[in-house]
Amino acid sequence: MTNYCGYMGKVLLLDLAARTTENYIWTDLDREKYIGGKAMASKILYDNLTGAEKPFDSENLIVIATGPLTGTGAPSSNRFDISSLSPLTGITSSSNCGGNFGFYLKKAGLDALIIRGKCETLSWLEIDNGEFIFHNAQELRDLKCGETQAALQEKLNAEHGKKVSCGMICIGPAGENLVRFASVISGERAAGRAGMGAVFGSKNLKGITAAGDAIPSIYDREGAAAHRKKWVNDIRRHPLTGEQLPKMGTAGLVSSMQVHGLLSTRNYGKGQFEQFEAVSGEALAEELTAANSGCLSCPIRCTRRVPVDGKTVKGPELETLGLLGGNIENDNLEQICRWNYELDELGMDTISTAGTVAWAMEASEKGLWKNGLRFGETKDLSKIFDDIAHRRGIGAELAEGSKRLSEKYGGKDFAIQSKGMELAAYEPRRAVGQGLGYAVANRGGCHLNGGYLVVLEGLGMNVNGQTPHGKADLCMVMQDLMEAISCGGQCLFTSYGAVPAFMVRNPNGILQRVINAVVPFTGPAVRIYNKIPEIACFNIPLIPYPTELRYTTGMKLSLGEFIRIGERSYNVERAVNARFGVSAANDKLPKRLTDTLQDPGNPKTRVPLEQMKRTYYRARGWGKNGLPGEKKLRRLGIR
Amino acid sequence: MVTVKLFGTLRLESGVKELTAEAVSVRALYPLILAEIRKQKPDSGITEKTLKCCQVAVNGKQVTPQAKLRDGDTVYLFPAVAGG
């Protein structure tokens, strides 16, 4: 139970082997400290994992967590989070998804579901108003994600004698076959990263449906309605969330990244792809986009709808365009749309799949591994992807990811991963703060978990991407802000509103150029704020999240307290990963990015990682080992 | 003669993908681009200020709007973008 609105007040621990559930104690004090979502999941993993567990052990936990805003109608608040020990990285990781499962999990009466144990045979789970019903899923074996979800809907309808309104998550063949980067799919949206689908597969869990009649209450309905109306208006007026994302989606970044030298090309050998226009957001919009769409309660609507095989399906994001475009020297946009669809159907992360294939192409070219793959020769990739999902032929090896393959065959210097997770499409040698983020990100080579400094270093703003100055402190504040936003259940794209519109609309103005020039020198000031975020004992319209939480839940938070929750979230995840061996030595990038210049004539075109890491650890108040000490954890109230 | 390519929402809203023009600087290009846009889509709402607010690259490298142009250059104009 809880005194806060927005929450359902129930967290359940489900044992798949015993088929029993028990209430997991999650108090209002926990809610105040962690809000929900990813932070809540990290704390649950921190309290329950010892460091001895392996990702495919039945003792490994899956935590599916919503935020208090999920399903309440707040802007872009339909997110949920799946956290577990990742088979790709061996450490805890989270994967965030915009599908409708979170909304329906709350309708079923739950804030979060913790899963342990393993089903004896392949099964699917029905949650109906808090009741759990196990079903045999043998006949769903090897079904793709679209087919699986259609079959589950049909079975529910037949069982209840009516069309059941429900949310669902499922895995495809990749998850069943323990591909280390298998995803979990909800509708057309993916909890794509970190191999959560393989953990489901290891537990013989093909899918979960959730339905119910519960509705989260709102603390101040009138206040919330007025606040949301204003917020939605602000989102629609902002050049990024109101123009670029609805009109072009994330695909709109390709051209800008090309100009800034940020577009991963030829397995990150270069930052510009000569044929970029063929695989750009402009080409996608002009030639293939049938419409745009969005997640539930989202005013941004960044999804592209594209035709594939006579159907209209979700189109590729920037990461997929970059990594299945220039990074493998492919300029066939229709092919990328098809692969994007096929990978979602197989239940496989497009980023890690593409990154692993790019590594394999280079390994083949260098004679390290004769696998038949070549840059630019991509007509057989659909079959390769199917082989990965089914662990056939070279697919069985590719299913292990680039880190493990490079340990076996050599070529670690060009395995573009961090902590085992392949990097997204942003080439960091022209945005070194983004490079720092990739390296120190708790879950591995993730652009978002790393603080997404590239939005300052050339995309949203125009801060010098080649200087390390100020980047460590900015990285920390961005990471903490994004952690806190995610905990509430909202999409990170809403945070673009925090980049002042005037900075985006006219990067050539004198004031804008001065601000961009000054930002790298703000490190010491940002450091002071990072140490004592509570000095911001107020709220500001640019960051409306604490106000939204107050109207929805009744929880009173200042901006500073909100950021502190993000810091707590980041530290608790780091602390549990320390039990699995993470330290400063794991915060690294492949030598291609740290030692090889992108432009041989420009000595600044590399990531000066060690220098930034030292500053970053100091900013975080961590030891030289890159870990929070006992004192830090106590200060944050984690221990 | 330089080649000008428009990107992002600027291209979608103007209906202009590419044009060629005679100009000695990026600034000198703006009225020429605007004339082409008005020819293609008179009601696009795009003004010279819209163009001045765009980021500019010449031959793949970012420059300021004050940059000089040479015969054969390719100029990119694009508004700011966000992320993924």
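The crossing of H2(A) and H23(A) is left-handed. In this predicted model, the two elements concerned are helix H2, residues 37-48 of chain A, and helix H23, residues 559-579 of chain A. Their axes come within 9 Å and cross at roughly 35 degrees. From H2(A), the residues that make the contact are A:Lys38, A:Ala39, A:Ser42, A:Lys43, A:Leu45 and A:Tyr46. H23(A) answers with A:Ile565, A:Arg568, A:Ser569, A:Val572, A:Glu573, A:Ala575 and A:Val576. Sorted by class, this contact has seven nonpolar, four charged and two polar residues.

A second helix pair in chain A may be set beside this one. Helix H17 (residues 432-440) and helix H25 (residues 609-620) of chain A have axes that come within 10 Å and cross at roughly 70 degrees. Angles of 65 to 115 degrees count as roughly perpendicular, and H17(A) and H25(A) are therefore roughly perpendicular to each other. The crossing of H17(A) and H25(A) is right-handed. On the side of H17(A), the residues involved are A:Gly435, A:Leu436, A:Ala439 and A:Val440; these meet A:Leu609, A:Met612, A:Lys613 and A:Tyr616 in H25(A). Six residues of this contact are nonpolar, one is polar and one is charged.

The discussion now turns to the nonpolar cores. The largest of them has 181 residues, and A:Val63, A:Val179 and A:Met348 are those with the most contacts inside it. Helix H18 of chain A, residues 471-488, gives the most to this core, with 11 residues. Around A:Val63, once neighbours within four places in sequence are left aside, the contacts are A:Ala41, A:Ile44, A:Leu45, A:Ser83, A:Ser84, A:Ala112 and A:Ile114. One of these, A:Leu45, also belongs to the contact that H2(A) makes with H23(A). A second, separate core has 22 residues, including A:Val259 from chain A and B:Val16, B:Leu29 and B:Leu51 from chain B.

There remains the contact between the two chains, to which chain A contributes 31 residues and chain B 20 residues. Five helices of chain A each supply at least two residues of the side that touches chain B: H8 (239-248), H9 (253-260), H10 (281-288), H11 (318-323) and H19 (501-505). The largest share of that side, seven residues, comes from H8(A). By class, the side of chain A that touches chain B comprises 15 nonpolar, 10 polar and six charged residues.

Terms used:
Residues are numbered from 1 along each chain as its sequence is written. Chains are lettered from A and ligands numbered from 1 in the order in which they are written. This is a predicted model: local features need pLDDT of at least 70, side-chain atom pairs count only at pLDDT 80 or more; totals for chains, interfaces and linings use all residues. Two residues are in contact if their C-beta atoms, placed from the backbone, lie within 7 Å. Helices (H or I, at least four residues) and strands (E, at least two) are DSSP runs, numbered from the N terminus. Ala, Val, Leu, Ile, Met, Phe, Trp, Tyr, Cys and Pro count as nonpolar, Asp, Glu, Lys and Arg as charged, and the others, Gly among them, as polar. A nonpolar core is a set of buried Ala, Val, Leu, Ile, Met, Phe, Trp, Tyr and Cys residues joined through C-beta atoms within 7 Å. A residue is buried if 20 or more other C-beta atoms lie within 10 Å of its own, exposed if 12 or fewer, and partly exposed in between; C-beta atoms are placed from the backbone. Axes are lines fitted to C-alpha atoms, for helices over the stretch in contact, and angles run from 0 to 180 degrees between N-to-C directions. Angles under 35 degrees count as roughly parallel, over 145 as roughly antiparallel, 65 to 115 as roughly perpendicular and the rest as oblique. A crossing is left-handed if the near helix is turned anticlockwise from the far one by less than a right angle, and right-handed if clockwise.
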